[in-house]
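Visitor: Could you walk me through one part of this protein up close, and then show me some of the other spots worth looking at?

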Amino acid sequence: MSRIVGRPVPRVEGHAKVTGAAEFTADVHVPGALHGVMVLSTVARGRITRLETRQAERSAGVAAVMTHRNMPRLTVPEPHLLVKRFLPLQDTEIHHSGQPVALVLAETLEQAQHAATLVRVSYDTQPVRTVFEDAMDDAWIPPPEEEPGETPVPNELTRGDPEGALARADLRVDVTYTTPIHHHNPIEPSATTAVWRGRKVTVYDASQGVTAAQESIAQALDLPVGHVRVISRYLGGGFGCKTPWPHTVLTAAAAREVDRPVKLVLSRSDSYSLHGHRSQAHQRLRLGARRDGTLTAIDHVTTQQVSRTEDEFLPSASVPTRRLYACDNLSLAQRAVRLDLPTPAWMRSPEVMPAHGLECALDELAYAADMDPIELRLRNHTATDPETGEPFPSKHLKECYRRGATAFGWSERNPRPGSMRDGRIRIGWGMATAAHSAGGMPGAAARVTLSTEGTAQVQVATQDIGTGTYTVMSQMAAHVLGLPLDDVDFVLGDTNLPYASLSASSATVPAVGSAVNRTCTKARQKLIDLAVADPRSPLHDLPADGITAEEGTLYQTSRPERRDSIRAVLTRHGRPLDVATEAPEESGEQYSTGAVFAEVRVDPLLGQVRVTRMLGAFDPGRVLNRRTIRSQVIGGFIWAVGFTLTEHTLLDTRYGRFVNRNLSGYLIPVNADIPDIQALFIDQPDPTSQALGARGFGETPMCGMTAAIANAVHHATGRRIRDLPLTQDKLIASAS
C-alpha cells in the first residue's frame with residue numbers, strides 16, 4: 001500500500017481556491033435567476049395585523065413579494081432535518097425578532113434590497129420574555145432528543161450518592177459559570193439557488209449536509225426525495241449553522257411559485273436570526289474531593305436558552321462531565337429556559353460550554369487542594385468509560401499530559417497566583433483537559449470507479465466544510481488502492497452521489513473515512529483478482545493474499561520483482577472497474593482527548609489580556625494528514641480565544657433584538673490576537689476505528705483551551721472571573 005497517509009499533504013483543492021476557480025454557492029450563476037431579499041420582523045412576539053406590499057411590488061424590477069398570503073402551504077420537516085419546528089411565511093404569528101415576514105424577488109440584488117425597504121408591516125405585540133436570569137425559576141429538564149441513527153443523550157443522570165458524598169467531602173468547590181450568546185460568523189454567508197425543471201428541483205446550497213437539505217426540501221414541498229438534488233461543492237465554513245434552515249426551503253418554494261430560478265444570499269445581519277447561535281448558559285458546579293484531590297462527587301447543573309418553537313433542543317451536552325474523570329457519585333442535569341429569541345443551534349465544539357465550567361472548577365479544586373492542576377487530573381484519570389463501564393479501546397491522555405507539560409515547560413511554573421511578572425505585566429500559565437465525543441451519526445456509502453487509465457474516482461455525498469475532507473479522503477483512497485495521490489479524484493457535495501450524513505459531530509472521518517476504506521479495500525481486492533486471473537499478467541496464478549498494491553503497482557510481497565502496473569491490469573481488462581458499498585446504520589461513537597496549555601500576559605492597569613502561547617498535545621487516533629489536523633488545532637484555539645476573551649452577542653431585552661449584528665460590533669479574534677500555536681500528536685491508531693485507525697477530532701481542540709486561558713488569567717492576577725467573556729471592564733472592576 002502507498003505510504004501517503006500521515007504525510008502533511010497540501011490541500012488537493014488549494015489551487016482552485018487561491019486562484020478563484022472554486023465555485024462557492026453564492027458564486028453560482030444561473031441565467032435568468034431572480035434575487036431574493038428577506039424582510040424581517042421588528043418585534044419578538046405577536047402577530048401581523050397589516051402587511052402592505054403594493055409599493056414594493058410596483059418597484060422597478062420586482063417580480064414578486066412572497067408573504068404568508070401567497071407563499072404555498074408547506075409541511076414542517078421532521079425535527080432532525082430542520083432545526084426549527086415552524087416555517088415562516090405560513091401564517092401571521094411572530095415567534096422572534098428577525099423572523100422573515102416577506103421575501104422580495106427582483107431582477108437584481110439592488111432592486112430587491114430597495115423594494116424590501118418599501119414593505120410596511122404592523123403588529124399586535126405581546127409581552128416578551130428575553131432576560132435569561134428572569135426565567136431561571138421556570139427552567140425544566142427536557143426529555144432526551146432521539147434522532148434516527150443517533151444515541152440519545154440523557155439530560156438528567158445520577159450515579160451513586162452525590163449529595164451524601166458532597167456532605168462527607170474533605171474539600172468542596174461550589175461555583176457558578178456563565179457564558180453569553182455566541183454567533184457563528186463564517187466567512188461565506190448562507191446562500192441558496194433553486195432551479196426547477198418540471199417537478200424536479202436542483203438546489204445549490206451552502207450546506208454542511210446535502211442529504212439532510214434534500215430530505216428537508218422534499219418533505220416541506222411534498223416531493224419524492226429523488227426529485228430534489230442538492231449541490232454544495234465548496235463551503236466557506238459551517239460550524240453548525242449550515243444545517244437545514246427555513247431560508248433554503250423558502251427559496252425552493254418561491255422558485256416553484258414564480259416559475260423562475262431564485263437566488264438568496266443572507267446578509268451578515270440576517271444570519272444573526274436565521275441560522276442559529278450558541279445558547280446563553282448558566283452552570284453551577286459542586287465538586288467534592290478527598291484531601292489528596294480524588295474526586296468523590298460531581299454535581300453539574302447546566303441551564304441553556306431555548307426558543308418557544310424548539311423548546312427541547314439542547315445542543316450543548318454535558319458529555320465531559322459524564323465521561324472524562326473517574327467519580328462514583330455524579331449528578332447531572334441539563335435544564336432549558338424558554339425565551340422569545342431565535343432558536344439556538346449546534347455551534348463549533350458544542351461540548352465546550354460545559355467543558356469550560358468543569359475544567360475551571362477543577363482548577364479551583366486544585367488550588368483548594370494545594371495541588372498541581374495536572375496532578376489533580378492524573379489522580380482522577382480513568383481508563384474505563386464511566387458511561388458503559390467498559391475500558392476505552394484507545395486512550396493516551398496520560399501521555400498527552402506528559403508530552404504537553406514537557407513541551408510547554410510546565411515544571412517552571414510558580415504556582416502562586418500573581419507571582420510571575422515582567423515589570424508591571426502579570427504572566428499566567430493555565431492548563432486543562434480537552435475532550436469531545438465524535439461520530440455517532442449515520443454511516444456513509446461510497447462508490448469507486450477505476451478507469452482503464454489506472455486512475456480512480458471516489459464518490460461520496462459528503463461535504464468539505466473547510467476541514468480538509470477532499471484531501472484526507474483522497475489520501476485514504478490512494479493508500480488503500482495503492483495509487484499515487486494524483487491518480488485519485490475524490491468527488492463530494494452532491495446528493496446524486498452515494499449517501500453520507502451531516503458534516504457535524506466530528507463524524508466525517510469515522511463515517512466517510514470508514515466508507516472510503518471499506519469500498520477501496522473491496523476495489524483493491526477485485527483489482528488483484530483480475531491480475532492473478534489474467535494469463536498475461538506477471539502475477540498470474542499467484543496467491544491473491546500475497547499481493548501488495550503500492551504507488552500504482554501490484555507486486556508479490558515476498559518477491560517484489562514479480563509486479564504489474566495497475567494501469568496495465570485495467571487496460572487489459574478493457575473496461576472500468578466499479579465498486580460500491582452501502583451505508584451501515586451508524587458510524588460508531590468515538591472520544592478524542594488531549595491536554596492544552598496557555599500563557600497570558602495581563603496588564604492590571606488596563607485590564608488587557610494577551611494570549612502569548614498556546615500548546616496542545618492530542619490523541620486523535622491515527623493522524624491522516626499532519627497539515628490538515630494542525631489546521632484543526634489552529635482553528636479550535638482561535639475560537640477558544642474569542643470564546644474566552646471577546647465574543648458575546650448583545651441583546652436589546654425590550655425587543656428581543658440582537659444589536660451587534662455585524663463584525664464591527666461582534667468581536668472575533670484577528671491575526672494580531674493569536675500567537676504561534678504548537679500542536680503535538682500521539683499518533684496511535686485506534687483499533688476500533690474502521691477509518692484506518694483515525695478518530696473524529698475537529699471539535700476537540702477548542703474544548704479545554706477556553707478554560708486553560710481563563711485559568712491562566714487567574715494564575716496571572718489571582719482573580720477568578722466566572723462570567724465570560726473576560727473583558728477589560730471585568731478585570732479592572734475585580735481589581736478595584
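Leaving aside its neighbours within four places in sequence, which residues is T646 in contact with?

Guide: Happy to! One thing first: this is a predicted model, so local features need pLDDT of at least 70 and side-chain atom pairs count only at pLDDT 80 or more, while totals for chains, interfaces and linings use all residues. Residues are numbered from 1 along each chain as its sequence is written, and side-chain values use heavy atoms, without hydrogens and water.

Now to your residue. T646 has V641, L667, I668, P669 and P725 as its contacts once neighbours within four places in sequence are set aside (contact means heavy atoms within 4.5 Å). You will find T646 in helix α15, residues 626-646 (helices are DSSP runs of H or I with at least four residues, strands are runs of E with at least two, and both are numbered from the N terminus). With a relative accessible area of 22%, T646 is partly exposed (buried is under 20%, exposed over 50%, partly exposed in between, with a 1.4 Å probe and protein chains only). Look at L667 in that list of partners: the side chain of T646 reaches the backbone oxygen of L667 at 2.8 Å. There is also a long jump along the chain here, since T646 and T727 are 81 residues apart in sequence but 6.6 Å apart in space, C-alpha to C-alpha.

Another such jump can be seen at M371, which sits in the loop between α9 and α10 (373-379). M371 and G293 are separated by 78 residues in sequence, yet their C-alpha atoms are 7.5 Å apart. Apart from its neighbours within four places, M371 meets D292, G293, A366, L376 and R379. At a relative accessible area of 15%, M371 is buried.

From that loop, step back into helix α9 itself. The axes of α9 (residues 352-368) and α16 (residues 702-717) cross at roughly 40° and come within 8 Å (axes are lines fitted to C-alpha atoms, for helices over the stretch in contact, and angles run from 0 to 180 degrees between N-to-C directions). Among the residues making this contact are V352, H356 and C360 of α9, and C703, T706 and H714 of α16.

Two cysteines in that set deserve a second look. The sulfur of C703 is 13 Å from the closest cysteine sulfur, in C360, and that is too far for a bond. Overall, the structure holds zero disulfides (a disulfide is a pair of cysteine sulfur atoms within 2.5 Å). C400 is unpaired as well, with the sulfur of C703 as its nearest at 14 Å. C400 counts as buried, at 0% relative accessibility, and C703 is buried at 0% too.

For another loop residue, try Q463, placed between β19 (456-459) and α12 (469-481). Its relative accessible area is 1%, so Q463 is buried. A polar atom of the Q463 side chain lies 3.0 Å from the backbone nitrogen of V210. Beyond four places in sequence, the residues that Q463 touches include S207, G209, L492 and S503.

Last stop: helix α14, residues 566-573, where I566, V569 and L570 are buried. The elements that the buried residues of α14 pack against include α12, α13 (508-533) and β24 (577-581). After α14 comes G574, with a positive phi near 85°.

Technical notes
A polar contact is a pair of N or O atoms within 3.5 Å; within protein, one must be able to donate a hydrogen and the other to accept it, and residues adjacent in sequence count only if both atoms are side-chain atoms.
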